[in-house]
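I opened this entry to look up how charged side chains pair up, and then how one helix and the nonpolar interior are arranged.

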Amino acid sequence: MAGASDKARFYLEQSVPELQELIRKNIFTKDEVSSIAKKRSNFEHKLNARGSSASDYARYAEYEMNLDALRQTRAKRLGIKATDYTGQRRIFFVLDRATRKFHGDTALWMLYLSFARKQKANKKVSQIITSMLRLHPTSPELWIYAANYAWEETADVTEARGYMQRGLRFCSHSKRLWSEYLKLEMIYIAKISARRRILGLDLNFPQDGSIEDGESSGRDMITFSPATTEDNVRQSITADPARPTTPESKIALTPALAGAIPIAIFDAAMKKFPADPNFGTQLFDCVAGFHGLDCVKGILQHMVHYLMIAAPKDPTTLTCFIHEPLIGLVAASTLLPKALMEVVDRFQLAMRNINALEVPLEQTWTRGAVSQHTIKWIATYLEYPELDPDIRAVLTTLLKTSWGHCLHSLETRSTKTSSEVIHLLEILHLHGFKDLVQPGVSSALRIWPDDPQLLAIDSQVVSLAEPQ
């Protein structure tokens with residue numbers, strides 16, 4: 001078996017033609033090449049000796065990366081278009097040796113991947129990912145990385161979906177992996193929906209062949225030729241008299257775009273975590289972030305229905321139940337008044353569910369937790385100056401009712417940390433509810449008398465209350 005010195009000499013001899021070319025093309029001087037050879041010799045002897053570490057390989061790879069960057073800079077300055085040898089092959093060789101020897105070190109794998117991606121060596125990246133996942137099948141972060149690469153770099157949703165599904169076979173306990181898989185499917189639906197809008201497939205076609213899309217008529221849409229528009233597109237839409245024409249009904253004709261896959265992911269995830277409504281709320285929030293899609297409403301309703309059956313008295317479940325009708329509605333929406341009426345009814349129903357709890361302290365804490373979330377989303381609507389005065393009045397009344405529950409929770413010391421109260425006080429102070437802030441600060445200071453943020457808010461309230 002060859003010794004460490006023999007291995008080091010063998011690897012160094014392979015780099016001799018490269019160094020000779022650097023001298024011949026005046027990219028480096030003889031002294032600089034001698035220094036490079038000496039540095040490589042030190043690294044090779046260290047790597048091939050006993051006791052080498054992953055950090056030694058990482059330093060060697062970093063040195064070669066810096067050297068190759070310098071070589072490229074000098075070659076560009078000298079007008080040398082190409083050389084017979086590049087540093088990329090040598091860096092790959094060093095990192096390949098590193099991951100073979102220290103295959104359990106994920107930092108080395110990520111260094112290998114980041115360099116390959118930077119070099120746009122897509123075939124090499126795929127090989128690295130395959131080897132990495134074969135050795136680390138129980139690491140959710142690596143499956144997520146692989147799926148993100150497949151989606152972001154190659155736009156291959158099938159491959160990305162495959163990584164997620166294979167990852168869940170090995171890491172079904174990972175909540176983040178479930179959440180990222182759901183997010184991937186929502187992003188895919190959003191991309192397809194945007195493409196359909198650009199092509200005009202989600203619009204009603206009038207008899208005169210014109211396409212209307214509100215204030216951006218035809219601006220972000222591909223225009224078909226008259227023959228294509230009339231003979232193909234409009235006839236396919238009007239061929240069936242019973243065919244639905246609204247976006248919601250049309251999208252229901254395609255289960256994938258109607259949210260069938262996200263619903264299946266949610267159901268599978270909740271089967272894995274049946275007693276965790278907090279995780280269900282995380283998935284709810286993930287889908288709610290895509291509120292511009294037609295399918296989101298149905299997905300959220302399915303989630304709320306499941307959570308209300310599984311944990312009807314959990315504060316996170318009740319928060320989703322109350323807030324769901326308003327998701328995606330802006331202040332100027334004509335649907336806002338009707339949705340707000342439903343929210344008020346749901347809030348009252350939630351309070352009745354909480355009153356059914358057997359332990360009074362648990363009632364107080366749950367009521368306070370639900371009210372905290374209610375105040376936060378009400379504040380987002382109060383920021384809109386174009387909000388209708390009647391709607392603003394209803395929201396203000398609901399906010400005051402919620403704050404009353406929060407105060408009761410605070411007075412019974414059901415609130416666990418001062419940061420929750422401080423955040424609510426800042427919201428109330430920002431929106432001008434000075435009459436609500438003062439009793440809240442007083443109650444909070446009785447529990448946390450030395451809290452600097454509470455003292456600062458109290459001083460601000462007192463200074464505003466003093467006559468000028």
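**Salt bridges and core**

I looked first at Glu64, which forms a salt bridge with Arg90, the closest N and O atoms being 3.4 Å apart (a salt bridge being a side-chain nitrogen of Lys or Arg within 4 Å of a carboxyl oxygen of Asp or Glu). The pair links distant parts of the chain, with Glu64 in helix α4 and Arg90 in helix α5, 26 residues apart (helices being DSSP runs of H or I, at least four residues, numbered from the N terminus).

I note that this is a predicted model, in which local features need pLDDT of at least 70 and side-chain atom pairs count only at pLDDT 80 or more, while totals for chains, interfaces and linings use all residues. Residues are numbered from 1 along each chain as its sequence is written, and side-chain values use heavy atoms, leaving out hydrogens and water.

I checked burial next: Glu64 counts as buried at 2% relative accessibility, and Arg90 is buried at 11% (buried meaning under 20% relative accessible area, exposed over 50%, partly exposed in between, with a 1.4 Å probe and protein chains only). Both belong to a salt-bridge network with Glu18, Arg40, Glu44 and Arg97.

I then turned to the largest nonpolar core, which has 117 residues (a set of buried Ala, Val, Leu, Ile, Met, Phe, Trp, Tyr and Cys residues joined through side-chain atoms within 4.5 Å). Helix α8 (residues 140-152) gives the largest share of this core, nine residues. A second, separate core of eight residues includes Leu19, Ile27, Phe28 and Val33.

Key. Helix = DSSP H or I, 4+ residues; strand = E, 2+ residues; numbered from the N terminus.
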